[in-house]
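Q: Could you zoom in on one part of this model for me and walk me through how it fits with what surrounds it? I'd like the close view before the wider one.

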Amino acid sequence: MLTVEGLRSRYGRIEVLHGVDLFVGSGEIVTVVGANGAGKTTLLRCLSGVQPVSGGAITFRGEAMTSVPAYRRVARGLAQSPEGRQIFTNLSVEENLRLGAFIFSDERVERDMADAFAMFPILREKRNQFAGGLSGGQQQMLAIARALMGRPACLLLDEPSMGLAPILVAQIFEVVKALKTLDVTVLLVEQNAFGALSVADRGYVMETGRVTMGGSADELIADPRVREAYLGM
Ligand code: ATP
């Protein structure tokens with residue numbers, strides 16, 4: 001579904017992605033784990049089209065994406081739920097969800113909204129409240145639900161567990177797992193390697209702008225280098 005080949009990106013004169021290769025198959029949950037500063041967020045920003053690419057290629061559903069602008073990528077089914085959530089705090093929960101569906105004007109929007117509320121009952125309860133009043137975990141759920149309103153074929157998730165209390169972290173990873181039942185392919189970027197690998201089919205390890213390892217989630221969890229560097233074992 002999504003292929004990344006030799007992807008390079010820079011901030012000014014400093015290159016931070018030095019040729020990243022990875023792929024995500026249809027229906028898979030794939031995670032990219034790595035330390036702070038490894039380039040995970042930059043990678044996702046390149047994929048969603050908000051960060052310029054200086055080399056390499058991105059192919060999505062057989063189509064070259066590298067020079068397609070961000071809003072067109074969303075329309076083609078590639079959506080990002082950004083790091084730090086970036087919900088509209090002074091709009092209601094429902095208004096935030098409607099914004100996620102802004103490219104559609106059909107009756108399916110109401111059905112999608114009902115589906116979102118079925119998946120996240122707390123959002124239904126709070127649909128008329130300002131999103132800024134939600135807890136961190138609820139805001140993260142809203143960010144994911146809003147991205148789903150765009151009917152993505154592939155969802156790019158940037159650190160959904162960041163800054164959440166442990167019990168909410170577990171809940172968020174359950175939500176990621178549940179996306180599989182909705183037929184949404186997921187590329188999940190996480191510093192919480194254990195949580196991410198626990199729900200993923202496959203994973204990659206990123207270090208200073210390069211993919212240094214890849215394999216099934218089980219292989220990575222069992223790998224002594226991953227255990228020592230990322231799982232604290
Ligand atoms: P984190 O988990 O902290 O988001 P990350 O793995 O996602 O880390 P990136 O945020 O992609 O890593 O950062 C990769 C490198 O690019 C780092 O060295 C970082 O300092 C640098 N970087 C990130 N954003 C910018 C920016 N706007 N301008 C200059 N350098 C940046």
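A: Let's call a residue buried when its relative accessible area is under 20%, exposed when it is over 50%, and partly exposed in between (1.4 Å probe, protein chains only). Helices (H or I, at least four residues) and strands (E, at least two) are DSSP runs, numbered from the N terminus. This is a predicted model, so local features need pLDDT of at least 70 and side-chain atom pairs count only at 80 or more, while totals for chains, interfaces and linings use all residues. Residues are numbered from 1 along each chain as its sequence is written, and side-chain values use heavy atoms, with hydrogens and water left out.

Let's park on helix H1. H1 is mostly covered, with 7 of its 9 residues buried. The buried ones are Lys40, Thr42, Leu43, Leu44, Cys46, Leu47 and Ser48. Just after H1 comes glycine 49, which has a positive phi near 95°.

What does H1 sit against? There is an open sheet of 4 strands, in the order E2-E1-E4-E5, and its pairing is antiparallel; strands pair if DSSP finds at least two bridges between them. Strand E2 (14–24) and strand E5 (63–64) stand at the edges with a single partner strand each, so one side of each has no neighbour in the sheet. H1 (residues 40–48) packs on this sheet, touching strand E1 (2–11), E2 and E4, and its direction makes about 115° with that of E1. Here contact means heavy atoms within 4.5 Å, and angles run from 0 to 180 degrees between the N-to-C directions of lines fitted to C-alpha atoms, for helices over the stretch in contact.

Over at the E5 edge, strand E4 (residues 55–60) and E5 pair in the antiparallel sense over 2 bridges. In that pairing, threonine 59 has alanine 64 in E5 as its bridge partner.

Now for a residue that ties this neighbourhood together: arginine 73, in helix H2 (residues 70–75). Leaving aside neighbours within four places in sequence, arginine 73 is in contact with residues including Cys46, Leu47 and Ser48, along with Gly49, Ile58 and Met65. Three of those names should ring a bell, as Cys46, Leu47 and Ser48 are among the buried residues of H1. Arginine 73 is itself buried, yet it has no salt bridge, meaning a side-chain nitrogen of Lys or Arg within 4 Å of a carboxyl oxygen of Asp or Glu. The nearest side chain of opposite charge is glutamate 63, 9.5 Å away; Lys and Arg count as positive, Asp and Glu as negative, and His and the chain ends are not counted. What the arginine 73 side chain does reach is the backbone oxygen of threonine 66, at 3.1 Å.

Stepping back, there is another sheet to place. Here 6 strands form an open sheet in the order E6-E7-E8-E3-E9-E10, with mixed pairing. Strand E6 (78–81) and E10 are the edge strands, each pairing on one side only. From one strand to the next, the twist averages 20°.

Start with E7 and strand E8 (residues 185–190), which pair in the parallel sense over 5 bridges. Leucine 157 has leucine 188 in E8 as its bridge partner. Helix H7 (residues 166–179) packs on the sheet, touching E3, E7 and E8, with its direction at about 155° to that of E8. Helix H6 lies across E6 and E7 and runs at about 165° to E6. Between H6 (136–148) and strand E7 (154–158) is a loop that holds arginine 151. Arginine 151 has a positive phi of about 50° although it is not a glycine, and it is buried, with a relative accessible area of 19%.

At the other end of the strand order, E9 (residues 202–207) is mostly covered, with 5 of its 6 residues buried. E9 runs parallel to strand E3 (residues 29–33), joined by 4 bridges, and glycine 203 in E9 is the bridge partner of threonine 31. E9 is also joined by 6 bridges to strand E10 (residues 210–216), and this pair runs antiparallel. Tyrosine 204 stands opposite glycine 214 in E10. The E9–E10 hairpin has 2 residues between its strands, and threonine 208 there takes a positive phi near 35°. Unlike buried arginine 151, threonine 208 counts as exposed, at 59% relative accessibility.

Methods. A polar contact is a pair of N or O atoms within 3.5 Å; within protein, one must be able to donate a hydrogen and the other to accept it, and residues adjacent in sequence count only if both atoms are side-chain atoms.
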